[in-house]
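User: Please take a close look at one part of this model, the salt bridges and the charges around them. Then set that part in the context of the whole chain.

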Amino acid sequence: MSEKYDLPKAYEFAEVETRWYDHWMEQKTFAATMEEGRDSFSIVIPPPNVTGVLHIGHALNCTLQDLLIRYHRMKGDNTVWIPGTDHAGIATQNVVERQLASEGKTRHDLGRDKFIERVWDWREEKGGTIINQLKRMGASCDWDRERFTMDEGLSKAVREVFVRLFDEGLIYKGDYIVNWCPRCHTALADDEVEHDPTEGKLYHLRYPYADGSGEVIVATTRPETMLGDTAVAVHPEDERYTGLEKIGIRLPLTDRVIPVVLDHHVQREFGTGALKVTPAHDRDDYEIGLRHDLERIKIMDDHGVMNENAGKYKGLDRFACRRQIVSDLKEQGFLEKIEDYQHAVGKCYRCATVVEPTTSKQWFVSVRPLADKAVAAVRDERIKIYPNTWYNTFYSWMDNIRDWCISRQIWWGHRIPAWTCEECGKLIVATRAPDVCSKCGSSNLTQETDVLDTWFSSALWPFSTLGWPDDTRELETFYPTSVLITSFDILFFWVARMMMMGLHLLDEVPFHDVYLHALVRDKHGKKMSKSTGNVIDPLKMIDQFGTDAFRFTLTAFAAQGREIKMDEERVEGYRRFINKLWNAARFAQMHIKDSDPAIVEVAGDPSSLALPHQWILSRINATVQEVRAALDGYNFNDVASSIYQFTWHEFCDWYLEWIKGDLYGDDEQARNNAKGVLLCVLENILIMLHPITPFVTEEIWSQLPGERSTIMLEKFPKENSQWHNENADQAMELLMGVISAIRTIRSEADVHPTAKIQASILCADADKEALIHKFSAAICSMTRTEELHIMPSGTVPDDAGHVLVEDLEVFVPLKGLIDVEGELEKLAREHKKIDKELIRVIGKLRNQKFLDNAPEAVILKEKAKQKELETRLAKNAESKARLRKLQ
């Protein structure tokens, strides 16, 4: 892409990220490949709402998908990652309606067609925001294939599916109890209702017998619904109410007498065992009403306002009506008592308005036949779910699934392709608008005004984005898709429905694997929200630390489970890892030039190379195996951990130190060997890291010696059995253990870094002794040791620091190396300072006023500080004890 240059001291990520992403886009490096004889790997992006902006969940999802796509692209598979956005019916309509409200208008002022034009205009202007933000995350989607759930192709698929299911008797229209949002004026599916624990009231009401001979107590959280009661239900075996079905109940505040029905649904042990039945405003009551042929009386309109069936309460908002009803019941002696009561209140997932169960004519999908196919596919492992803890939840939900209400009373969305003849009443369902009625020939046809639930079109996403219902090459190559990566909270909103639709319409699973990633919370495990101020903004993380550091952090945290505790400090930590890699590359670039023709090739047997080279090749071979296994098993955190451990600790901390003698020495063959292995290992690190950190790896790769194209198309490393070398691993472990032991003794004794020391090793094993002798110069150089003595036996002096390494004992005489009295005085001053601060912190944590009023994050910070100070005190005491032995 550009001419070679010396890597600067600092990695300027902002400029690098913009430059490389533009280059990848220009070169169409992300484009799908469909070559014969290759394996295929495909992902369809969970389409974010067109109204959305990038949040931490999107960032995690995007990173994990991109990681897999880049990995499989480098494996040589045919790959495609299809991007797109969801039209988000209710959410998008709400955005545009708020825009109109600021202009003093409503959608009704514009009319349906003009309003829909306005929404399309908004989408063209604002709808690309989240796509551009995904690009900042480094997403390597095939952007030429970007889809929208209301584009022409997907709209065609939606109509085709609706008509097929209707013709098969799996879509029907009927009266049913639905979740109704009075704010959005639409029905909601069960999984679009969020149930939050709410402090409310439980009202105990007196319902008198119709003959005046007694009364029954019923309890409700919604006393206003009593106006729609059409029965009281009791268990048929409840002896308290024997014969009551012959008497009936006089409904308070009305002149109606309602029946008593006997129903096994009633729990005798709960409360008084009597249940008020409101079939038009409660799901369970609706079912009781069907069993007993009860009248359904709707007492509210679509705005949550009481209607004519509410009598004198007509025109009151439902909550105002509740207050008035309670007042009237109390005044007339029908209120037994009111109790505080916590219960789960259903709210609209979009606007948080309390949902009102009500009866309404809606369109439904009969899902049982579809659900059975999905369950069978999961049970016989045609679809696997990761992590496997979700299987039981999936089966439980599918076993209890209800028919899916797919109609929404809004304007933005896929309008239901159904027309009613105004002359003869025939219902016509078709993929194209009919000109005349097929029964009577009339052209007076009216289309259904409702639109389809947004999740209906989303359920078709894996195959509609590949061209279905047409028979396309993309569909043949990439369906079923390989894996779906999404958050567990939409397992039933979306994932299960894609399974049902794919299996029913194509007789094939939509994806082989489902990976459900955890929800991202703050570092204390709390849900992120603007109100608590703990939201981590991905774009701010990118601006501050760079995309690569942010992506690496997300990968490192992505253990299979339900919760990710995100900490900004960890992003900063992985920024240091990126810098470490950059500095290692600068070191390599200093020593390896394009003009070096003699550097050794190490693709084959490395047995002729020096021990450190054999060891690093063995270790990177093991790392390649770990990384491949982790990627194939969706253990993303293990991918990050393996690469991090190898790159930072084994390559940078150890190998680069070992080979400095060869790189700076006079032995040309040793120098060329070091250069060859250094380049080989660095290349392998960059390729393995590329799926996680695409930008820095591409930049470094482009500046290494030789002619190079994009790293994105390099072959991902495979296991090389010739590099596996257990003997080299064991030998280097021993040598590194000895070096670490001497460094530990120096550090713990506070020996000055420039001070020369003498070290001794008690070693009875002749082979180990020979190995240490062979590398004694390197050991001395890396530990600032003047003399190294190796003895088969002996005793450790009292004034020496010592550490065990396997069956060896390493010791360093410390007398004369340390100003014991001066160090003890310094430790005493430090002890006093720590102790003073610890007393202050403990006092704070014992102050009840502080504990009652301080934010939890502040309290946790003080507790962490206490633990840190106690640890420092303990180390201070240990240091003093060691020094006193030298007095």
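Analyst: Start with charge across the whole chain. The protein chain carries 110 positive and 139 negative charges, and their mean positions are 5 Å apart. This is a predicted model.

Now the salt bridges. The count comes to 41. Three pairs and one network are worth a look.

Take D66 and R551. Their side chains meet in a salt bridge, at 2.8 Å from N to O. D66 sits in helix α2, residues 56-75, and R551 in helix α17, residues 547-557, so the pair ties together parts that are 485 residues apart in sequence. Are these partners buried or exposed? D66 counts as buried because its relative accessibility is 0%. R551 is also buried, with a relative accessible area of 0%.

Next, D144 and K28. They form a salt bridge whose closest N and O atoms are 2.9 Å apart. This pair links distant parts of the chain, 116 residues apart. D144 lies in the loop between α6 (129-136) and β4 (147-148). K28 lies in the loop between α1 (13-27) and β1 (40-44). D144 has 59% relative accessibility, so it counts as exposed. K28 has a relative accessible area of 48% and is therefore partly exposed.

The third pair is E237 and R268. Here the closest N and O atoms are 3.8 Å apart; the cut-off for a salt bridge is 4 Å. E237 lies in the loop between β9 (231-234) and β10 (249-250). R268 lies in the loop between β12 (260-262) and β13. The bridge ties together parts that are 31 residues apart in sequence. R268 counts as partly exposed, at 30% relative accessibility.

Then the network. E15, R19 and E699 are joined into one network by salt bridges that share partners.

Strand β13, which follows the loop of R268, deserves a stop. The strand covers residues 274-277 and contains V277. V277 is buried because its relative accessible area is 0%. Beyond its neighbours within four places in sequence, V277 is in contact with G228, D229, T230, A231, V232, A233, D285, I288 and L294. Among these, A231 falls within the residue range of β9 (231-234). E308 is 31 residues from V277 along the chain, and their C-alpha atoms are separated by 20 Å.

A loop residue gives another buried case. T465 lies in the loop between α13 (461-464) and α14 (473-478). At 7% relative accessibility, T465 counts as buried. Its contacts outside the four nearest places in sequence are V44, I82, R147 and L154.

Some charges form a patch instead. D113, E117, D121 and E125 make up a negative surface patch. D121 is found in helix α5, residues 112-126. D121 counts as exposed because its relative accessibility is 51%, and the threshold is over 50%.

Finally, the whole chain. The protein chain has 28 helices and 30 strands. Its C-alpha trace spans about 110 × 70 × 55 Å along the principal axes. Of the 887 residues, 54% are buried. The chain exposes about 40500 Å², with carbon and sulfur atoms supplying 47% of that area. Among contacts between residues at least 6 apart in sequence, 77% join residues at least 24 apart. The bridge between D66 and R551 links parts 485 residues apart.

Note on methods. Residues are numbered from 1 along each chain as its sequence is written. This is a predicted model: local features need pLDDT of at least 70, side-chain atom pairs count only at pLDDT 80 or more; totals for chains, interfaces and linings use all residues. Side-chain values use heavy atoms; hydrogens and water are left out. Patches are made of residues with over 30% relative accessible area and no salt bridge: like charges are joined within 9 Å, nonpolar side chains (Val, Leu, Ile, Met, Phe, Trp, Tyr) within 5 Å. Accessible areas come from the Shrake-Rupley method with a 1.4 Å probe; for residues, only the protein chains shown count as cover. Lys and Arg count as positive and Asp and Glu as negative; His and the chain ends are not counted. The place of a charge is taken as NZ of Lys, CZ of Arg, CG of Asp or CD of Glu. Helices (H or I, at least four residues) and strands (E, at least two) are DSSP runs, numbered from the N terminus. Buried means under 20% relative accessible area, exposed over 50%, partly exposed in between (1.4 Å probe, protein chains only). Contact means heavy atoms within 4.5 Å.
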